[in-house]
Amino acid sequence: MKKVMRVGIVGAGIGGVALAKALQQRGIEAHLFERAAKFGEIGAGVQMTPNAAKVIEALGGGAALRRIGFLPQAMVGRNWNDARELFHTPLREVCPQRFGADFWHVHRADLHALLCEGLPPGQVRFNVSCTGVTQDGDQAVAHFSDGTRFEADLIVGADGIHSAVRDAIWGKTESKFTGHMCWRALVPVEQHPLPFVSPDASFWMGPKAHIVTYYVKGGAAVNIVAVNESPDWVAESWTEPSTREELLAAFDGWHENIIELFQRTDRQQIFKWGLFDRDPMDRWSQGQVTLLGDAAHPMLPFLSQGAAMAIEDAYVLAAALAHFDGDLALALPAYEAERRPRTARVQLEARERGRTYHIANAQEQRERDLAFQQAQAKDPNAVGIKAEWVYEYDATRCEQRFDSAAVTA
């Protein structure tokens, strides 16, 4: 690069720290601004599917991921009240050959810590909330609640679904409540595996509800994601506390294995929130400002891709800035051309999975289950939730696509 580029990143969640890591790897100066008082992620699990694992490996976190992660045997679809298998997708033996990387389950806090390793502490400021972004010539300026400001060659909004950066450049719009209420909870495991929780990514599908369970922390805990349709607006905060009793009441009548698991939840680790959504955006960037992760493309969790998409965004944005030598007029369009079609498809298909998982009509359930069985018979390794296209993608090859686009332009 002709000069060391300076990038300000608003938001130090998984997407923000992944971007800082990717920029550092390329010799680009990165500064993080976080409204929390310190680094820390809520006690919940996250699925690092092969597409995300490829990026983590490229960022130098492969060994740490293998140390903190859990490798599920399979992805299994189950009926909500009798536990019969609807589909069974092998993962542990198949993913490296089919998708080029493993499929990991990790604790979100462990993943965040992995991505923070090696980041200079002097380049992170805590207890600052972004109040807006302005642009002055070839510089962007982030303004903060404590009266300070930060000038940079590029400001990146990695500040979530309620992004102040997005609002500053595109205007404030409200997200939409989807009618889904979600619980997250952890169950400590003293002896692995629990007899009523298989070592898989288990998708329990019921009428107007579904539950996903999987092991994290190397098998030392089970993560629960439980979604129930609700007409009532629910707070969007990830830290809204819930109770074991409320969780059990919402899934009354489900299979005994689910009830047994819920009865063992850690009372200090049960949270609930409403699921909100936005339509795909036509553009993310304006001048010297762009967006990343949920700030650009908030999505429902039904394909387990929120964190993965942010990590992919981070790698591609850093690669584009380096590839085009800091020329934002080339780098930001290349970043969006690579990322917007993919993230838009994930957003829209995640909505569709919510419908598929929650079918209430008995005949439609039978038709769905028969389709699962037919797909399995045709290809025993077929992904039951039809996510092969998600896992195959390799963000680390984006620079080859930048070159191809330039040739064909």
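**Aromatic pairs and nonpolar cores**

The count comes to 15 aromatic pairs, where rings of Phe, Tyr and Trp (its six-membered ring) pair if their centres lie within 6.5 Å. This is a predicted model, in which local features need pLDDT of at least 70, side-chain atom pairs count only at pLDDT 80 or more, and totals for chains, interfaces and linings use all residues. Residues are numbered from 1 along each chain as its sequence is written, and side-chain values use heavy atoms, with hydrogens and water left out.

**Aromatic rings**

- The rings of Trp183 and Phe251 have centres 5.9 Å apart and planes at 75 degrees, so the pair is edge-to-face (planes under 30 degrees apart count as stacked, over 60 as edge-to-face and the rest as tilted).
- Trp183 lies in strand β12 (residues 176-188) and Phe251 in the loop between α7 (244-250) and α8 (256-263), so the pair ties together parts 68 residues apart in sequence; helices (H or I, at least four residues) and strands (E, at least two) are DSSP runs, numbered from the N terminus.
- Trp183 is buried, with a relative accessible area of 3%; buried means under 20%, exposed over 50%, and partly exposed in between (1.4 Å probe, protein chains only).
- Phe251 is also buried, at 0% relative accessibility.
- Ring pairs join Trp80, Trp183, Phe251, Trp254 and Phe262 into a cluster.

**Nonpolar cores**

- The largest nonpolar core (buried Ala, Val, Leu, Ile, Met, Phe, Trp, Tyr and Cys residues joined through side-chain atoms within 4.5 Å) has 77 residues, and Met48 and Leu321 have the most contacts inside it.
- Helix α9 (residues 306-323) supplies the largest share of this core, 12 residues.
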